[in-house]
Amino acid sequence: MRRVVISGMGVVSPIGNSVDEMWDSIKNEKCGIDFITHFDTSDYKVKLAAEVKNLDTEEYFSKKDLKFNDRFTQFARIAAKQALLDSKINLDSIVLDRLGVVIASGIGGISTIESCCNVLNSQGNSRVSPFFIPMALVNLAAGSVAIDLKAKGNCSSVVTACAASTNAIGDAYHRIKFGFEDIIFAGGSEASINPLSIAGFQSMRALNSSDDKNRASIPFDKDRSGFVMGEGAGIIVLEEYEHAIKRGAKIYAEIVGYGSTCDASHITAPIEDGSGGAKAMLLAIKEANISKNCIDYINAHGTSTPLNDKTETKAIKLAFEEHAKNILVSSTKSYTGHLLGASGAIEAIISIKALRENYVPATINYKVYDEECDLDIVANKGRNVALNYVMSNSLGFGGHNASIIFKKVENQ
């Protein structure tokens, strides 16, 4: 089987609009959560979110280029442009039929849907934009990036809620491993901090309604009461190892395992015994052909909801048994909030940076111990620890579970 490595990365996030800026925020325990500015929340219970800040879109594309893109597509295109520049791929010197794109989203162009519904209701059907459909469709982030790259290989989108971009990365990994493409730009994008999305999640009682930004997204803390909405995009360049070596690419890490399962239990709640998540982790370990004791760090899904965090704790214990107590675990949603379908991609990039720098990010703003979440969650301060294998987990509405494993590549 062919080996697959990571040769480029790009990010738009609530804690930085480049990989270096985001990682600097992680190292300095900088939380990206604050009061919502995208719309007036006066009559909303939910006041906080993790918005993208200070993004200069014209650094990457002209206003005209992005005019008819929903915000989530803009994020994806910018993160992909960063990843292309980082990878130093010369598009004129590769086989474009062997270049693919797999970009996920949980909701896609929800802001466009909302605004066009408002136009329909207030001005009538003839005033709805002719760009409504292509702006709203989830696959148009992937399609737009493929146009930017002139990528003529497989172009697809994964829509598995909050597991989506981990599934996208895993699917891309398998396509390269089994010979379908040589390079794939994979990840996810989300932009759902708007009145309709917040209202919907608020009605589900899924969101934190605190007005204290430092006690809002608090994964594994006993006082957790819901997640905080985030937005942004993460794109990584997956490349066949020999292809990367031949062109002298910088290699960040090797992806060696992927597991994906379904709880088949409930439309929103994870199965309470953690068995679905545990199976995804074990499948990833099996594909990596390593002992479960090799996993040094897990970037947990860790949403800060009462059910998710205790269920994921059970899943890790079920999968790793005695080794669970030795694994360092953290949730970087304490910094970024929950980016829904983009969360797995952002967290994959953070995991890769952790692996390269031998630094485990903290779970920040943690205060109150929960006996049902009794893992080593690296509370409040990151740790300098030698890392060889790291895992990133994502879980999604519909019972989706996805796990990926990255391995350190020496001499890079």
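This report describes a helix contact, aromatic and charge–ring pairs, and selected individual residues in a predicted model.

**Helix H1 against helix H13**

Two packed helices are described by the angle between their axes and the distance between the axes. Helix H1 spans residues 19–27 and helix H13 spans residues 343–357; their axes come within 11 Å and cross at roughly 70°. H1 is therefore roughly perpendicular to H13, since angles of 65 to 115 degrees fall in that class. On the H1 side, the contact is made by Val19, Asp20, Met22, Trp23, Ile26 and Lys27. H13 contributes Ile346, Ile349, Ile350, Lys353, Ala354 and Glu357. Of the residues in this contact, eight are nonpolar and four are charged, with no polar residue present.

Lys27 of H1 also takes part in a charge–ring arrangement: its charged end sits over the ring of Tyr359, 4.8 Å from the ring centre. A further arrangement of this kind involves Arg3, whose charged end sits over the ring of Tyr241 at 4.1 Å from the centre.

**Aromatic pairs**

The model holds five aromatic pairs. One of them joins Phe39 and Tyr44: the ring centres are 5.2 Å apart and the planes stand at 65°, so the pair is edge-to-face, the cut-off for that class being over 60 degrees. Both Phe39 and Tyr44 are buried.

Phe68 and Phe131 form a stacked pair, with 3.7 Å from centre to centre and 10° between the planes. Phe68 lies in the loop between helix H2 (63–66) and helix H3 (71–87), while Phe131 lies in the loop between helix H4 (110–123) and helix H5 (132–136), so the pair ties together parts that are 63 residues apart in sequence. Phe68 is partly exposed, with a relative accessible area of 37%, and Phe131 is likewise partly exposed, at 33%.

In addition, ring pairs link Phe201, Phe227 and Phe397 into a cluster.

**Residues brought together from distant parts of the chain**

Met1 is located in the segment before strand E1 (4–12) and counts as exposed, at 76% relative accessibility. Its C-alpha is 9.5 Å from that of Ile176, although the two residues are 175 apart in sequence. Leaving aside residues up to four places away in sequence, Met1 touches Lys177 and Phe178.

Gly337 is found in the loop between helix H12 (333–336) and H13. With a relative accessibility of 0%, Gly337 counts as buried. Along the chain, 323 residues separate Gly337 from Pro14, yet their C-alpha atoms are 8.1 Å apart. Contacts of Gly337, again leaving aside residues up to four places away in sequence, are with Ile33, Ala50, Ser217, Val228 and Gly230.

**Positive phi outside glycine**

Lys150 has a positive phi of about 60° although it is not a glycine. Asn289, also a residue other than glycine, has a positive phi near 60°. The location and accessibility of each are set out below.

| Residue | Loop | Relative accessibility |
|---|---|---|
| Lys150 | between helix H6 (139–149) and strand E5 (155–156) | 55%, exposed |
| Asn289 | between helix H10 (275–288) and strand E9 (297–299) | 72%, exposed |

Lys150 and Asn289 thus each occupy a loop between a helix and a strand, and each counts as exposed because its relative accessible area is over 50%.

How values were computed:
Residues are numbered from 1 along each chain as its sequence is written. This is a predicted model: local features need pLDDT of at least 70, side-chain atom pairs count only at pLDDT 80 or more; totals for chains, interfaces and linings use all residues. Side-chain values use heavy atoms; hydrogens and water are left out. Axes are lines fitted to C-alpha atoms, for helices over the stretch in contact, and angles run from 0 to 180 degrees between N-to-C directions. Helices (H or I, at least four residues) and strands (E, at least two) are DSSP runs, numbered from the N terminus. Angles under 35 degrees count as roughly parallel, over 145 as roughly antiparallel, 65 to 115 as roughly perpendicular and the rest as oblique. Contact means heavy atoms within 4.5 Å. Ala, Val, Leu, Ile, Met, Phe, Trp, Tyr, Cys and Pro count as nonpolar, Asp, Glu, Lys and Arg as charged, and the others, Gly among them, as polar. Rings of Phe, Tyr and Trp (its six-membered ring) pair if their centres lie within 6.5 Å; planes under 30 degrees apart count as stacked, over 60 as edge-to-face and the rest as tilted. Buried means under 20% relative accessible area, exposed over 50%, partly exposed in between (1.4 Å probe, protein chains only). A charge sits over a ring if NZ of Lys or CZ of Arg is within 6 Å of the ring centre and within 35 degrees of the ring normal.
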